[in-house]
Amino acid sequence: MQDIKEILWEICKAPGSPGQEGAARQAVKAVLEKVCPQAVLNDDPMGNLTAFLGDKHSQNQLLFDAHLDQIGMVVTGITEEGFLHLAPCGGVDRRVLPGSPVDVYGKERLTGIVCCQPPHLSDGKAEKVEPVEEMYVDLGLSRAQAEEMVRPGDAVLLHVEPRQMLGARVTAAGLDNRAGVAVLLRCAQLLGGKPLSCGVTFLFSSREEIGCEGARVAAYQVQPSQAVVVDVSFARQPGVPPQKSGSMGAGMMIGTAPSLDACVTSRLIALCKEHGWDYQMEVMGGRTGTNADVIGITRAGVPTGLISVPLRYMHTTAETIDCKDAEYTAQLLAAYVQEKGGALDG
Amino acid sequence: MADLKLLEELCSLYGVSGNEGPVRQKLCDLLTPFADRIETDALGNLLVYKQGKQRPKTRLMISAHMDEVGLIVTHITDDGLLKFATVGGIDNRILCGKQVMVNGHYGVIGGKPVHLMKGEEREKAVAVDDLSIDIGAMNRAQAEQAVSLGDTVGFVSGFDRFGNKVRARALDDRAGCAIVAGLVQSELAYDMTFVFCVQEEIGLRGARVAAYQVQPQAAIVVECTTAADLSGVGAGKQVCRLGEGPVVPFMDRSTIYDREYYELAFRLARENGLLCQTKQRIAGGNDAGAIHVSRGGVRTVSVSVPCRYLHSPMGMIAQEDFDAAQTLTALLAEHIAGHPAV
């Protein structure tokens, strides 16, 4: 588990608010240079990064996608007292904000605290959590000082250090979807230097959390013959029903849904069985809520599969995964490429 | 100048009420060379006796509390999650999603994904009973290897300085501990007793027995107090403000303070060019509540560092308030000990 954990630590340190993935993109490039120097990299105007391996003339062009952005917030203004107004950028869980340390990416990285009114002043409304637009970030600066350092539009991310928990479990900021990014990087490490009969594009896509815009344009550009999206999904935890979740540490979740390609899905399952890897099924009734939804309908259509790493406490500062689930997902993707060159011949 | 390095060291230690050992050990090691006598009492208070150049006219005790708010493990579920109770006054709005430390293991207080919540649920703080701590255990047996019922749980957060502000966990009341420790390390004009108390956050329990034992005629309580000088909080509700000096209250929810000492504090501040403010709302309370009614009564004054986000994983103080609180405490101590109490 050491490789994937090291990769995770590297990429979780870099911020990647939707539309401002630059630092995260740099971190991914630095990891690729170490683990898969053969990969041919390409940046696009939307903030996507692709890394290509294998034969670009092959009929079989696989696209593996993981979104690089994480939910964040954005500065919308500065108050008289020097506090920052905020708006959410993606599906922020406002319940985790009060009292949380944040990083504000102004002229330089600044640390702040999301204000929470002291309990003695809440007038019996302590159960209510204000909307993000009514919260403030305290930088400990006056208005003039704050205006020097911060402008509206600057990104704000919750400040969380990655931590090792018991066994192979870890918690870190933005494991949704740095877990998926780590899977792709680990897969690139497994494939690097191996002869491949097909082409594989690893797509580290931007802006998923606000509407999958990155993957939409990147998939158009790449023109894959098929695709597999790696994201995170709900792991069992208090308050989450079993029919909507998988067990953490019990293997990757293979998606099956009307919007996903049944052949890709069957092949993923067959490979798990062949190799004896644990897997779980995640069944969805229509679309998937991931980049698979937009990649599948790119140009004339792309057969697309979905694998999810089970994750607890999604969109909070407490996101947690089991590295085993991520490691086997990477091995599954590598096997998918190496066996039959990714050809969908049944 | 107060000692920021010591403050950082003290804030890096865990000392949830009832489990103050690491903080006591640190203070004991640090102060033993400066004390004439140092002892730990039955409840875990650290009592430090130190002689000055002269015998005092008033027996003075100066206190700060070592404990901090936190959580305590009450149950381990079959799934290996830890259920907990709060220790001290914690606002349950700040719990969800936070990293914690329990018995040397990292954990998180998990919340349900926002995607699976409906309407009102998204706007409400989660009740403590509905939260649990996840340390990464697969099941109860694995969790029990790492954690026992009754283990205390502290928040994980760093110490950092930006401009004149300091941000850290447990500033309440390690800031007071650092100030009082600074006095112990200084030359004293009069004999004084310094007390580092346990269990303030669960009802001023350490200070009660320490005051009985020390039998002071007067006391100074060095604390952190709520500053609510935030955007969106009206002037009348701000209690006190960062950067406007130490807070000397005339009254809070636990104590009506000695009027002469209250006025003395402001006079000494004025004469020495220090900023000083009072609490503009009757809020909070501290060890003074137990100390001023000890035995036959103790004349008590409090010097507090204004602190935003008290009782949350990360508070904020202004360095100049911290420095001035130390200076004012020293001035008050010398004046009180040098004059008869009655």
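**A loop glycine, two cores and a shared interface**

Gly285(B) sits in the loop that runs between α6 (259–271) and α7 (288–291) of chain B. The model is a predicted one, and this glycine makes a handy way into it. Gly285(B) counts as partly exposed, because its relative accessibility comes to 38%, a value that falls between the 20% mark for buried and the 50% mark for exposed. Setting aside residues up to four places away in sequence, Gly285(B) touches Glu200(B), Asp252(B) and Ser254(B). Glu223(B) lies 62 residues from Gly285(B) in sequence, yet the C-alpha atoms of the two are 9.7 Å apart in space.

Next come the nonpolar cores. The largest of them holds 67 residues, and the members that touch the most others are Phe64(A), Phe202(A) and Phe204(A). Helix α4 of chain A, covering residues 175–191, supplies the largest share of this core, with 10 residues. A second core, separate from that one, has 65 residues, and it takes in Leu141(A) along with Ile76(B), Val126(B) and Ile133(B). To go back to one of the three phenylalanines, Phe204(A) has quite a list of contacts beyond its neighbours within four places in sequence. Among them are Val28(A), Leu32(A), Leu49(A), Ala51(A), Ala66(A) and Leu68(A), as well as Gly47(A) and Asn48(A). Val181(A), Leu184(A) and Leu185(A) also belong to the contacts of Phe204(A).

Then there is the place where the two chains meet. Here 58 residues of chain B are in contact with 59 residues of chain A. The size of an interface is often given as the accessible area lost when the parts come together. Between chain B and chain A, the buried area is about 5100 Å², with carbon and sulfur atoms giving 58% of it.

Polar links cross this interface too. The two chains share 4 salt bridges, and one joins Asp134(B) to Arg312(A), whose closest N and O atoms are 2.6 Å apart. On top of that, 22 residue pairs between chain B and chain A are in polar contact, counting pairs with both residues at pLDDT 80 or more. On the chain B side, the elements giving two or more residues are the strands β7 (105–110), β8 (132–134), β10 (160–162), β11 (165–168) and β15 (315–318), plus the helix α3 (140–146). The largest share comes from β7(B), which puts in 6 residues. Sorted by type, the chain B residues that touch chain A come out as 27 nonpolar, 15 polar and 16 charged.

Technical notes. Residues numbered from 1 in each chain as written. Chains lettered and ligands numbered in written order. Predicted model: local features only at pLDDT ≥ 70, side-chain atom pairs only at ≥ 80, totals over all residues. Heavy atoms only, no water. Core = buried A, V, L, I, M, F, W, Y, C linked by side-chain atoms within 4.5 Å. Buried < 20%, exposed > 50% of the residue type's maximum accessible area, 1.4 Å probe, protein only. Helix = DSSP H or I, 4+ residues; strand = E, 2+ residues; numbered from the N terminus. Contact = heavy atoms within 4.5 Å. Buried area = accessible area lost by both parts, 1.4 Å probe. Salt bridge = Lys/Arg side-chain N within 4 Å of Asp/Glu carboxyl O. Polar contact = N/O pair within 3.5 Å; in protein donor to acceptor, adjacent residues only side chain to side chain. Nonpolar A, V, L, I, M, F, W, Y, C, P; charged D, E, K, R; others polar.
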